[in-house]
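User: Please give me a close look at one part of this model: the charged side chains and what surrounds them. I am new to it, and I would like one connected account that ends with the wider picture.

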Amino acid sequence: MVAEKEDSEDESLAIDRPTLHTERLVLRRPNEADIPALVALADNRHVAEMLARMPHPYGGAEARAFLAMAGASRAGAVYALTLAGGGTFIGCAGLNATDRGLELGYWIGEPHWKQGYATEAAHALVDLGFHATGVNVLHASCRVINPASRRVIHKCGFQYAGQGMMNSLVAGQVPIERYRLDRKTWASLRNWALS
């Protein structure tokens, strides 16, 4: 769940936001050139209803507000997900500063679902979170009706931590599952295989 607004400005959660390269993706800072693709992919109710702060409909004004937020905060890190081959924008991901610490969030545009991109991006962000900060725990959550996101979270080694509620701009109050990954578990899983 990529946040549209920062919840916390804790300096211990500051990340320099380097460009990240994975096997098939480049994770980089979002920019103005992303607006047309961002709007085209984010203006999808199926995407927005799984996230807390993504409105629907989603237009240019929402995209510009997102870019302003992404560039303003030092806490956490927000990335545009692009294909390594040609730079095609496919979604966003990040480590969002919350009152609990850093929370992994991501969304992929529907034309790019079921190709393993969310897992690939999530692995890179989990590594970044533990390498770039001193946090001992990363958090993640997903709607209980989102098995695809749950699979991504499990593939990254997160462990179930309970249920809660989330206020979604699109879906209202909805139940979520909360997960956590501690530094010790992450260290033991560092050689994970993408599947």
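Analyst: Let's begin with Asp 99, which is exposed because its relative accessible area is 72%. Exposed means over 50% relative accessible area, buried means under 20%, and partly exposed lies in between, worked out with a 1.4 Å probe on protein chains only. This is a predicted model, where local features need pLDDT of at least 70 and side-chain atom pairs count only at pLDDT 80 or more, while totals for chains, interfaces and linings use all residues. Residues are numbered from 1 along each chain as its sequence is written, and side-chain values use heavy atoms, leaving out hydrogens and water.

Asp 99 has a partner in Arg 100: the two form a salt bridge, with their closest N and O atoms 3.9 Å apart. The term stands for a side-chain nitrogen of Lys or Arg within 4 Å of a carboxyl oxygen of Asp or Glu. Arg 100 is partly exposed, at 36% relative accessible area. By this rule there are six salt bridges.

Another of them pairs Arg 28 with Asp 34, whose side chains meet at 2.6 Å, N to O. Here Asp 34 is buried, since its relative accessible area is 5%.

Next come Arg 150 and Glu 177, whose side chains meet in a salt bridge of 2.8 Å, N to O. This pair links distant parts of the chain, 27 residues apart: Arg 150 belongs to helix H5 (residues 147–155) and Glu 177 to strand S8 (residues 172–182). Helices (H or I, at least four residues) and strands (E, at least two) are DSSP runs numbered from the N terminus. Arg 150 counts as buried at 19% relative accessibility, and Glu 177 counts as buried at 12%. Elsewhere, salt bridges that share partners join Asp 99, Arg 100 and Glu 103 into one network.

Glu 103 also has an uncharged partner. Its side chain makes a polar contact with the side chain of Ser 141, at 2.6 Å. Such a contact is a pair of N or O atoms within 3.5 Å; within protein, one must be able to donate a hydrogen and the other to accept it, and residues adjacent in sequence count only if both atoms are side-chain atoms. Ser 141 sits in strand S6 (residues 137–143) and is buried, at 4% relative accessible area.

Elements S6 and H5 come up again at the largest pocket, whose volume is about 620 Å³. It is lined by 27 residues, and those closest to its centre are Trp 113, Ala 118, Asn 146, Ala 148 and Ser 149. A pocket is found on a 1 Å grid over the protein atoms alone: it is an open set of points where a 1.4 Å probe fits, with protein on both sides within 12 Å along at least five of seven lines, and its lining residues have an atom within 4 Å of a point. Grid points are joined across faces, edges and corners, and the volume is the space filled by probe spheres set on them. Helix H2 (45–48), strand S5 (101–108), helix H4 (117–132), S6 and H5 each supply at least two lining residues. H5 gives the most, with six.

Stepping back, the chain has six helices and eight strands. Its radius of gyration is 15 Å, close to the 16 Å that the globule rule gives for 195 residues, so the chain is as compact as a globular protein of that length. That radius is taken over C-alpha atoms, and the rule is 2.2 Å times the number of residues to the power 0.38. Along its principal axes the C-alpha trace spans about 40 × 40 × 35 Å, and buried residues make up 56% of the 195.

Two more charged residues deserve a look for their backbone. Arg 17 has a positive phi, near 60 degrees, in a residue other than glycine; it lies in the segment before strand S1 (20–21) and is buried, at 8% relative accessible area. Lys 114, another residue other than glycine, has a positive phi near 65 degrees. Lys 114 is in the loop between S5 and H4 and is exposed, at 86% relative accessible area.
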